[in-house]
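Please open the model in your viewer, switch to a cartoon representation, and keep the sequence panel within reach. The tour moves from one selection to the next, and each stop says what to look for there.

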Amino acid sequence: MIDIYTMGIDVGSTTSKCLILKNGKEITGKSLVGVGAGTSGPERAIQSVLSSSKLELEDLDYIMSTGYGRHTIEIADSEMSELSCHARGAYFQFPNVRTIIDIGGQDAKVLHVGDDGMLVNFAMNDKCSAGTGRFLEVMARALEVNVEELASMSQLSKNNITISSTCTVFAESEVISQLAKNTDRCDIIKGIHRSIASRVGALARRNGVIDDVVMTGGVAKNRGVLHALEEELGHKIYTSELAQYNGALGAALFAYQKLSR
Ligand code: ADP
């Protein structure tokens, strides 16, 4: 049997992700570049996944683009909305998923999927950076830590601090004034995680939260936010090492479906 290779490329606002699937089920390679739409990120992500998979562009049978910058990918055979791709990617990883919470660089979305894995409805915040990865990046900078350190530092928190401003700019001022009062940074970080959870929790409650709940997007790597969301919603939340690649995975799965039709 000849192997079929499909590639999904997810061009986000903040990062570019590529994933190659063999025969619609086996992940051959994946890549992530820390810049997104309108940059060299997509091209670099494509080159990187091809070289790590030891494949050439000609070996790919179908390329599907998704994400905010999906229209810019000239080599793509077609494109698909990131909502559909997130639904498909999460269903592939977690067949019992019904609610997906996706927090990316500049937006947060809550999706419902049916028992066939198809998108049923969604709620989205893309009007304001509060409750997104950008919010965490701004706060991390004010605290002089990397976003990768936020989760482990929040685990050391001993006191509850409330960050009450929902606006990123005002919340940053609150963080700076807490630092000026010598408040422990770990407590501030936990407060920041609770603030995101409250914002995204309100979005999730709009259409209801149905088990199983799965978290995707780059912010899912921050287990502090994931645990704060579990507390906020009172539901267990599943995630995986592929959380940030979930859209690219969904796109590669749709690409395979196009060929099998
Ligand atoms: P988009 O698809 O919108 O470009 P992503 O889903 O790739 O965004 O998520 C990007 C966000 O993920 C960044 O804003 C950053 O805050 C967060 N992020 C990425 N890696 C980590 C990490 N290791 N720990 C915590 N947060 C992370």
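Two strands are taken to pair if DSSP finds at least two bridges between them. With that in mind, and remembering throughout that this is a predicted model, begin by selecting strand β7, residues 108-113, together with strand β8, residues 119-125: six bridges join the two, and they run antiparallel. Within this pair, V113 has L119 of β8 as its bridge partner. Follow the chain through the hairpin that β7 and β8 make, where five residues lie between the strands, and stop at G117, which takes a positive phi near 85 degrees.

Now add strand β6, residues 99-103, to the selection. β6 pairs with β7 in the antiparallel sense over five bridges, and the two form a hairpin with four residues between them. To find the register, show I101, which stands opposite V110 in β7.

Before leaving β7, display its side chains. The strand is mostly covered, with six of its six residues buried: A108, V110 and H112 point one way, K109, L111 and V113 point the other way, and all are buried.

Next, select the open sheet of five strands, whose order is β3-β2-β1-β4-β5 and whose pairing is mixed. At its edges stand β3 (26-33) and β5 (78-79), each of which has a single partner strand, so one side of each is left without a neighbour in the sheet. Between the strands of a sheet, pairing is made through backbone hydrogen bonds, either parallel or antiparallel. Zoom in on strand β2, residues 16-22, which is joined to β3 by seven bridges and runs antiparallel to it; here K22 stands opposite E26 in β3.

Two helices can then be added to this view. Helix α1, residues 41-53, packs on the sheet and touches β1 (5-11), β2 and β3, with a direction that makes about 145 degrees with that of β3. Helix α8, residues 246-260, also packs on the sheet, touching β1, β2, β4 (62-66) and β5, and its direction makes about 140 degrees with that of β1.

Stay in this region and select N23, in the loop between β2 and β3. Is N23 buried or exposed? With buried meaning under 20% relative accessible area, N23 counts as buried because its relative accessibility is 12%. The side chain of N23 makes a polar contact with the side chain of D3, at 3.0 Å, and, leaving aside residues up to four places away in sequence, N23 touches M1, I2, D3, I4 and Y256. The backbone deserves a look as well, since phi of N23 is near 55 degrees, a positive value in a residue other than glycine.

For a second case, select K54, in the loop between α1 and β4. Phi of K54 is likewise near 55 degrees, again a positive value in a residue other than glycine, but K54 counts as exposed, at 73% relative accessibility.

The next stop is a pair of helices. Select α3, residues 133-143, and α5, residues 168-180, which pack at an angle of about 25 degrees with their axes 10 Å apart; they are therefore roughly parallel to each other. Their crossing is right-handed. To display the contact, show F135, V138, M139, A142 and L143 of α3 along with T168, A171, E172, V175, I176 and L179 of α5.

From there, move to helix α7, residues 223-233, and colour its buried residues, which are G224, V225, L226, A228, L229, E230 and L233. What covers them includes β6, α3, α4 (150-154), α6, β9 and β10 (237-238). At the N-terminal end of α7, N222 acts as a cap, with a side-chain oxygen lying 2.8 Å from the backbone nitrogen of G224. Just after the helix, G234 takes a positive phi of about 70 degrees.

Finish in the loop between α6 (185-207) and β9 (213-216), where D212 is found. Show the backbone from D211 to D212, and what stands out is a cis peptide bond, with omega near -5 degrees.

Note on methods:
Residues are numbered from 1 along each chain as its sequence is written. This is a predicted model: local features need pLDDT of at least 70, side-chain atom pairs count only at pLDDT 80 or more; totals for chains, interfaces and linings use all residues. Side-chain values use heavy atoms; hydrogens and water are left out. Contact means heavy atoms within 4.5 Å. Axes are lines fitted to C-alpha atoms, for helices over the stretch in contact, and angles run from 0 to 180 degrees between N-to-C directions. Buried means under 20% relative accessible area, exposed over 50%, partly exposed in between (1.4 Å probe, protein chains only). A polar contact is a pair of N or O atoms within 3.5 Å; within protein, one must be able to donate a hydrogen and the other to accept it, and residues adjacent in sequence count only if both atoms are side-chain atoms. Angles under 35 degrees count as roughly parallel, over 145 as roughly antiparallel, 65 to 115 as roughly perpendicular and the rest as oblique. A crossing is left-handed if the near helix is turned anticlockwise from the far one by less than a right angle, and right-handed if clockwise.
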